[in-house]
Amino acid sequence: MRWDDEVGRNARGAPQGAGYDGGALEDQQLFLPDTFPPPAAPVPVPPSSRRAPAPPPAANVVTAAMPATPPAEAPAEEEVVFEVLPEPLEPLVEAPFVGDPFEASFVEAPPVPPVDLPVGKVVAVVNQKGGVGKTTSTINLGAALAAEGAKVLLVDFDPQGALSVGLGLNPNSLDLTVYNLLLDASVTFDEVVQHCKMDGLDLIPSNIDLAGAEIMLVSEVAREQSLKRALARAKDRYNYILIDCPPSLGLLTINALTAAQAVLIPLECEYFALRGMALLMDTLTKIQERINPELEIEGILATMLDARTIHGREVLSRVTDAFGDKLFKTIIHKTIKFAEAPVAGEPIVTYAPKSGGAREYRELAKEVMSR
Ligand SMILES: Nc1ncnc2c1ncn2[C@@H]1O[C@H](COP(=O)(O)OP(=O)(O)OP(=O)(O)O)[C@@H](O)[C@H]1O
Ligand SMILES: [Mg+2]
């Protein structure tokens with residue numbers, strides 16, 4: 001089937017064909033309730049072996065590993081501990097934003113936040129297609145919003161833990177992650193949240209444990225409400241909560257869509273860009289009808305555009321025709337800086353603040369704030 005045939009089918013909302021999305025559709029049919037869910041029930045405590053002994057309060061504060069600014073009168077030997085920059089391609093660093101990320105003055109002196117920022121607006125970053133820029137967009141939109149003065153929480157809701165890695169954490173070394181927050185009622189939000197070096201940016205990390213949560217949640221009452229319940233008490237501390245979803249439409253993504261008020265859909269500007277979009281739109285409609293009537297499409301974000309090629313420009317033109325004003329005006333172009341920044345464990349807006357990619361995510365942040 002030609003790509004533009006596919007677009008025509010999508011525009012009419014016809015279901016997608018077989019392939020990757022077929023499995024996702026099964027997930028969706030498995031997990032979506034037929035009616036509105038019953039009222040939220042208390043979250044049962046999972047087997048105690050899943051939870052490590054509670055760490056001391058500072059242990060989950062990523063910034064604890066950062067060189068603190070010493071008092072002027074402190075002894076010389078305690079004054080400064082210089083962080084050593086990681087070797088290129090060393091995958092993990094001890095703390096987010098280590099190194100010399102602050103080329104831009106906006107990071108050192110965050111602007112006064114705009115007065116009309118929303119409180120506790122939850123945005124799920126969703127696309128069941130893999131590698132389209134969900135994690136990259138979550139990190140960099142979050143950092144750009146924080147640079148504008150917003151309080152931002154990023155939720156890594158993918159067992160791959162790429163968001164956590166991209167912010168410099170080693171997810172496998174963490175005792176408490178979003179998994180514990182979902183399934184252990186005795187674990188508090190404050191025990192799990194990590195405070196990034198960048199002002200106003202917090203993270204709920206994830207690791208491979210979350211893959212088990214998808215199975216354990218199946219037997220829960222109101223299983224699609226688990227993330228919403230977990231975030232409820234801390235929601236109002238933030239202006240924006242961005243959830244980085246896994247590449248599927250399974251129970252984790254359904255949880256994110258149930259907790260969210262808005263959906264941001266990254267769409268890679270390549271030949272198969274629109275494959276699966278009809279299924280995603282269909283899933284969003286079902287969530288709106290059955291679980292979360294407030295859910296809206298925040299916008300579709302064209303990512304990884306290579307504007308030097310005719311192909312890239314053609315795909316963008318098709319995407320614009322298909323989605324019209326649902327498409328963000330900001331387009332994210334392809335640049336190698338996006339691959340380099342996670343290796344340094346920081347967002348592109350601090351790693352390469354003068355790059356085109358950083359500028360684009362700052363523009364996106366302004367668009368999001370103006371909606
Ligand atoms: N604008 C861009 N230009 C070049 N490379 C990019 C861009 N955005 C993302 N990438 C790279 O593409 C790859 C996939 O991006 P990312 O991990 O954000 O996608 P994803 O949708 O979260 O993937 P998954 O579905 O596996 O979670 C990464 O290596 C990332 O560095
Ligand atoms: Mg990802």
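Two strands count as a pair if DSSP finds at least two bridges between them. Keep that rule in mind as we tour this structure, which is a predicted model.

## The overall picture

The protein chain has 371 residues, and buried residues make up 47% of them. Its secondary structure comes to 16 helices and 7 strands. Among contacts between residues at least 6 apart in sequence, 81% join residues that are at least 24 apart.

## The sheet

Let us begin with the strands. The 7 strands form an open sheet, and their order across it is β3-β4-β2-β5-β1-β6-β7, with mixed pairing. At the edges stand β3 (194–195) and β7 (296–303); each has a single partner strand, so one side of each is left without a neighbour in the sheet.

Now apply the opening rule to β2 (residues 152–156). With strand β4 (residues 201–204), β2 shares 4 bridges, and the two run parallel. On the pairing with β5, there are 5 bridges, again in the parallel sense. Strand β1 is also parallel to β5, with 5 bridges joining them, and 3 bridges join β1 to β6 in a parallel run. Finally, β6 (residues 262–268) pairs with β7 in the parallel sense over 7 bridges.

The table gathers these pairs, with an example of residues that face each other in each one.

| Strand pair | Bridges | Example residues |
|---|---|---|
| β2 and β4 | 4 bridges | V155 opposite I204 |
| β2 and β5 | 5 bridges | L154 opposite L242 |
| β1 and β5 | 5 bridges | V123 with bridge partner L242 |
| β1 and β6 | 3 bridges | A124 with bridge partner V263 |
| β6 and β7 | 7 bridges | I265 opposite I300 |

Notice L242 in β5: it stands opposite L154 of β2, and it is also the bridge partner of V123 in β1.

## How enclosed are the strands?

How many residues of strand β2 are buried? The count is 5 of the 5, so β2 is largely enclosed by the rest of the structure. Its residues point two ways: V152, L154 and D156 go one way, L153 and V155 go the other, and all are buried. Strand β1 tells a similar story, since 4 of its 5 residues are buried, so β1 too is largely enclosed.

## A helix on the sheet

Helix α11 (residues 251–259) packs on the sheet, where it touches β1 (121–125), β5 (240–244) and β6. The direction of α11 makes about 150° with that of β1. This helix is mostly covered, with 9 of its 9 residues buried. Among them are L251, I254, A256 and A259.

## The nonpolar core

In soluble globular proteins, nonpolar side chains tend to be buried together. Here, the largest nonpolar core has 96 residues. Those with the most contacts inside this core are A124, V152, L242, I243, A256, A260 and V263. Helix α5 (residues 134–147) supplies the largest share of the core, 7 residues.

Which residues does I243 contact, leaving aside its neighbours within four places in sequence? They are V122, A124, V125, V155, F157, A256, A259 and A260.

## Around ligand 1

Ligand 1 has 18 residues around it, and those that come nearest are G130, K134, T135, T136 and P247. By type, the shell divides into 7 nonpolar, 8 polar and 3 charged residues. Helices α5 and α14 (337–344) each supply at least two residues of this shell, and α5 gives the most, with 3 residues.

## Two partly exposed residues

Let us end with two residues that sit between buried and exposed. G131 lies in the loop between β1 and α5. A residue needs 20 or more other C-beta atoms within 10 Å to be buried, and 12 or fewer to be exposed. G131 has 14 C-beta neighbours inside 10 Å, so G131 counts as partly exposed. In sequence G131 and P266 are 135 residues apart, yet in space their C-alpha atoms are 9.7 Å apart.

A322 belongs to helix α13 (residues 310–323). Why does A322 count as partly exposed? Because A322 has 19 C-beta neighbours inside 10 Å. Its C-alpha is 9.0 Å from that of L274, although A322 and L274 are 48 residues apart in sequence.

Notes
Residues are numbered from 1 along each chain as its sequence is written. Chains are lettered from A and ligands numbered from 1 in the order in which they are written. This is a predicted model: local features need pLDDT of at least 70, side-chain atom pairs count only at pLDDT 80 or more; totals for chains, interfaces and linings use all residues. A nonpolar core is a set of buried Ala, Val, Leu, Ile, Met, Phe, Trp, Tyr and Cys residues joined through C-beta atoms within 7 Å. Two residues are in contact if their C-beta atoms, placed from the backbone, lie within 7 Å. A residue is near a molecule or strand if its C-beta atom, placed from the backbone, lies within 6 Å of it. Ala, Val, Leu, Ile, Met, Phe, Trp, Tyr, Cys and Pro count as nonpolar, Asp, Glu, Lys and Arg as charged, and the others, Gly among them, as polar. Axes are lines fitted to C-alpha atoms, for helices over the stretch in contact, and angles run from 0 to 180 degrees between N-to-C directions.
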